[in-house]
Amino acid sequence: MLSPNQFRSLTTALTGLIVLVVLSVVLLFTSAFLYPNDVAEANTGNRSKASLQRASINKSVALNEQQLHGKTLFQNNCAQCHATTGEIVVGPGLAGVTKRAPSEAWLLKWIRNSQAVVASGDSYGVQLYNKFNQIAMSSFTNLTDADIKAILSYVDAASTTESPIVIE
């Protein structure tokens, strides 16, 4: 049987251990939200390769005015979930997206409101939605056709590898 002092010491030690575990978990989740690309790269073991690809994109691609506008829009609206490479972040990597999508008109509709495309029964849209765990893409009704075309032009210019998504 434990004396009251031993019980108190044991309780204090266990409480301290629990606090450390909880803080570790909080820090882990916080870093995943603050640095999602680093976590995704670390999980796939391609951190240095992906970092080098991003560095080479920034150095080697000379962008025109439309593509610079698209880069800004991409960084503000798309980069949280997509990469310009074939890397899957939350959604698919966008390398080669203009070649694998049914048409440019389809891409304009999809980017503006993917859920409307899925709800319409569009087979490619439904397959894409299901392939990525039915995670709804944000709607971008505020983007004009010119804005979306600028983003697509930037993605095409910035893509260093083509990694098409195969929808089964």
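**Exercise 1. Which residues does W110 touch, not counting residues up to four places away in sequence?**

Before solving this, note that the structure is a predicted model, in which local features need pLDDT of at least 70 and side-chain atom pairs count only at pLDDT 80 or more, whereas totals for chains, interfaces and linings use all residues. Residues are numbered from 1 along each chain as its sequence is written, and side-chain values use heavy atoms, with hydrogens and water left out.

*Solution.* Begin with the rule for a contact, which is heavy atoms within 4.5 Å. With residues up to four places away in sequence set aside, W110 touches V117, V118, G125, L128 and M137.

Next, look at the helix α6 (104-112), where helices are DSSP runs (H or I, at least four residues), numbered from the N terminus. Its buried residues are W106, L107, L108, W110 and I111, where buried means under 20% relative accessible area, exposed over 50%, and partly exposed in between, with a 1.4 Å probe and protein chains only. These buried residues of α6 pack against α5, α7, α8 and α9.

**Exercise 2. Describe the largest nonpolar core and say which helices supply it.**

*Solution.* A nonpolar core is a set of buried Ala, Val, Leu, Ile, Met, Phe, Trp, Tyr and Cys residues joined through side-chain atoms within 4.5 Å. The largest one has 25 residues, of which F74, W106, W110, I111, L143, I151 and V155 touch the most other members. At least two residues of this core come from each of α4, α6, α7 (114-119), α8 and α9, and the largest share, six residues, is that of α9. As general background, nonpolar side chains in soluble globular proteins tend to be buried together.

**Exercise 3. Describe the largest pocket and its lining.**

*Solution.* On a 1 Å grid over the protein atoms alone, a pocket is an open set of points where a 1.4 Å probe fits, with protein on both sides within 12 Å along at least five of seven lines, and lining residues have an atom within 4 Å of a point. Grid points are joined across faces, edges and corners, and the volume is the space filled by probe spheres set on the points; for the largest pocket that space is about 530 Å³.

The lining holds 31 residues, with H82, P92, L94, W110 and M137 lying nearest the centre of the pocket. The helix α6 gives the largest share of the lining, four residues. Sorted by class, the lining has 24 nonpolar, six polar and one charged residues, where Ala, Val, Leu, Ile, Met, Phe, Trp, Tyr, Cys and Pro count as nonpolar, Asp, Glu, Lys and Arg as charged, and the others, Gly among them, as polar.

**Exercise 4. How many disulfides does a search of the whole structure find?**

*Solution.* A disulfide is taken here as a pair of cysteine sulfur atoms within 2.5 Å, and the search finds zero of them. C78 is in no disulfide, and the nearest cysteine sulfur, that of C81, is 8.8 Å away, which is too far for a bond. C78 is buried, with a relative accessible area of 12%, while C81 is partly exposed at 33%.

**Exercise 5. Examine the loop between α8 and α9.**

*Solution.* N133 lies in this loop and has a phi near 60°, a positive value in a residue other than glycine; N133 is exposed, with a relative accessible area of 63%. Q134 lies in the loop between α8 and α9 and has a positive phi of about 55° although Q134 is not a glycine; Q134 is partly exposed, at 48%.
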